[in-house]
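Visitor: I am new to this one. Show it to me, and let me ask how each label is earned.

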Amino acid sequence: MPELPEVETVKAALAPIMAGGVIEEADIRRPDLRFPLPTGLKDFLTGAPVERVSRRAKIILIEARGQVMMLHLGMSGSVRISDHKPNSQPHDHIELAVTLGGQRRWVTLNDPRRFGYVDLVPKSDFAAHKSIASLGPEPVAIAGDEPIAPLLDLPYLDEALSGAKAPIKSFLLDQRQIAGLGNIYVCEALYRAGISPRRKAMSVKGKRAARLLPAIREVLQEAIAQGGTSLRDHKQPDGKLGYFVQSLHVYGREGAPCHGCASDVAMIRQAGRASFYCPTCQR
DNA sequence: CTCCTGACCTGAGTGC
DNA sequence: TGCACTCAGGTCAGGA
């Protein structure tokens, strides 16, 4: 489900209700998601004063007690925030009760497919964690956030593109190159940049590369501003839908008219993933 | 190394 | 209705 804009939406909802507060209760309802949950997770969480909630790539970071709890939502993970203890839903795996400013709220992690994971790492080892160390730069800066990683820029992008033989579609999905993009926003960024997903990454240079960078930034920033993209069941933590789905130009629109030239949007498979694009506008 | 495939898991949608 | 099948927002191990 969640790419950078959806994860950013979750983090932006969690930060004001968790940072500076205390996790008073932690209900861990199964031993694993994609991986076994870290040993001692319940003890770590129970009574923990939360220092900060942030995000790197698609991973939510909750800092407390000298450690960082890493939360990845995988394909189907979501977070709900409730003012009252919620009725348990299928696939609610972790429920936290958090108190801040005298108000208690409940934070529930739901993940039907369990492709998500939770890990716990000392702050001093965070940068070396295998899910963090290999990540590429962050594509967008979030107003008010301290930078957690280098920001994507054109010199970096040009250099990274120049050595990549894979299609640009696969390149952009590779978290080691740029962190945070997923299938929706790669398709949309390539549409905005007028670049075919089939083009070899190393052939994206000059004006094409210069168009790609703002296309990536703008599509992500617009999606964040609209609360992400709700396709099937994705919701923001307050239960609202993400409205960026209205702004999709190609993703999920196979056979529908291109918004630019009215020819049919095409769908191909690349590295096992669907790529949607306009064969006329994207070269 | 790089790149691609299949696996992980459940639920929603489609077609018969 | 029911069943079989395909597909889904993401990684990750393994093989070419």
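Guide: Start with two helices. The axes of helix α6 (residues 183-193) and α7 come within 8 Å and cross at roughly 130 degrees. Keep in mind that this is a predicted model.

Visitor: Why are α6 and α7 called oblique to each other?

Guide: Set the angle against the classes. Roughly perpendicular covers 65 to 115 degrees, and roughly antiparallel means over 145. The crossing is at roughly 130 degrees. That value falls in neither class, so α6 and α7 are oblique. Their crossing is right-handed.

Visitor: Which residues of α6 and α7 meet?

Guide: From α6 come Tyr185, Glu188, Ala189, Arg192 and Ala193. They meet a list in α7 that includes Arg208, Arg211, Leu212, Ala215 and Ile216. Glu218, Val219, Leu220 and Ala223 of α7 also take part. By class, the contact has nine nonpolar, no polar and five charged residues.

Visitor: What makes Tyr185 and Glu188 residues of the contact of α6 with α7?

Guide: The test is C-beta atoms within 7 Å, with those atoms placed from the backbone. Tyr185 and Glu188 are listed among the α6 residues that meet α7.

Visitor: What makes α4 oblique to α7?

Guide: Helix α4 (residues 154-162) packs against α7 at an angle of about 120 degrees, with the axes 10 Å apart. Roughly perpendicular stops at 115, and roughly antiparallel needs over 145. The angle sits between those limits, so α4 is oblique to α7. This crossing, too, is right-handed. Leu154, Leu157, Asp158 and Leu161 of α4 make the contact with Ala209, Ala210, Leu212 and Leu213 of α7. Seven of these residues are nonpolar, none polar and one charged.

Visitor: How do you know that α1 and α7 are oblique to each other?

Guide: The axes of α1 and α7 (residues 207-225) come within 9 Å and cross at roughly 40 degrees. Roughly parallel needs an angle under 35, and roughly perpendicular begins at 65. The crossing angle meets neither condition, so α1 and α7 are oblique. The crossing is right-handed. Leu4, Pro5, Glu8 and Thr9 in α1 meet Leu220, Ala223 and Ile224 in α7. The contact divides into five nonpolar residues, one polar and one charged.

Visitor: Where does α1 lie relative to β3 and β4?

Guide: Helix α1 (residues 4-18) lies across both strands. Its direction is at about 170 degrees to β3.

Visitor: Let us turn to the sheets. Why are β3 and β9 called edge strands?

Guide: Look at the order of the open sheet of four strands: β3-β4-β5-β9, with antiparallel pairing. β3 (52-56) and β9 (117-122) each have a single partner strand, so one side of each is left without a neighbour in the sheet. Neighbouring strands here are turned by 25 degrees against each other on average, direction ignored.

Visitor: How do you know that β3 and β4 pair?

Guide: Pairing takes at least two bridges. β3 and strand β4 (residues 59-64) have five bridges, in the antiparallel sense. The cut-off is met, so they pair. Val53 has Ile62 in β4 as its bridge partner. Ser54 stands opposite Leu61 in β4. In the hairpin of β3 and β4, two residues lie between the strands, and Ala57 takes a positive phi near 55 degrees.

Visitor: What makes β1 and β2 a pair?

Guide: The cut-off again is at least two bridges. Two bridges join strand β1 (residues 22-28) to β2, and the strands run antiparallel. That just satisfies the rule, so they pair. Val22 stands opposite Pro49 in β2. β1 is also joined to β7 by six bridges, again antiparallel. There, Ile23 has Val98 of β7 as its bridge partner.

Visitor: Which sheet holds β1, β2 and β7?

Guide: An open sheet of five strands, in the order β2-β1-β7-β8-β6, with antiparallel pairing. Its edge strands are β2 (48-49) and β6 (78-82), each pairing on one side only. Eight bridges join β7 (residues 92-100) to β8 (residues 103-110). Ile94 has Leu109 in β8 as its bridge partner.

Visitor: Last stop, the DNA. How many residues surround DNA strand B?

Guide: 13 residues do, and the closest are Pro112, Arg113, Lys165, Ala166 and Ser170. The residues of this surface divide into seven nonpolar, two polar and four charged.

Conventions: Residues are numbered from 1 along each chain as its sequence is written. Chains are lettered from A and ligands numbered from 1 in the order in which they are written. This is a predicted model: local features need pLDDT of at least 70, side-chain atom pairs count only at pLDDT 80 or more; totals for chains, interfaces and linings use all residues. A residue is near a molecule or strand if its C-beta atom, placed from the backbone, lies within 6 Å of it. Ala, Val, Leu, Ile, Met, Phe, Trp, Tyr, Cys and Pro count as nonpolar, Asp, Glu, Lys and Arg as charged, and the others, Gly among them, as polar. Axes are lines fitted to C-alpha atoms, for helices over the stretch in contact, and angles run from 0 to 180 degrees between N-to-C directions. Two residues are in contact if their C-beta atoms, placed from the backbone, lie within 7 Å. A crossing is left-handed if the near helix is turned anticlockwise from the far one by less than a right angle, and right-handed if clockwise.
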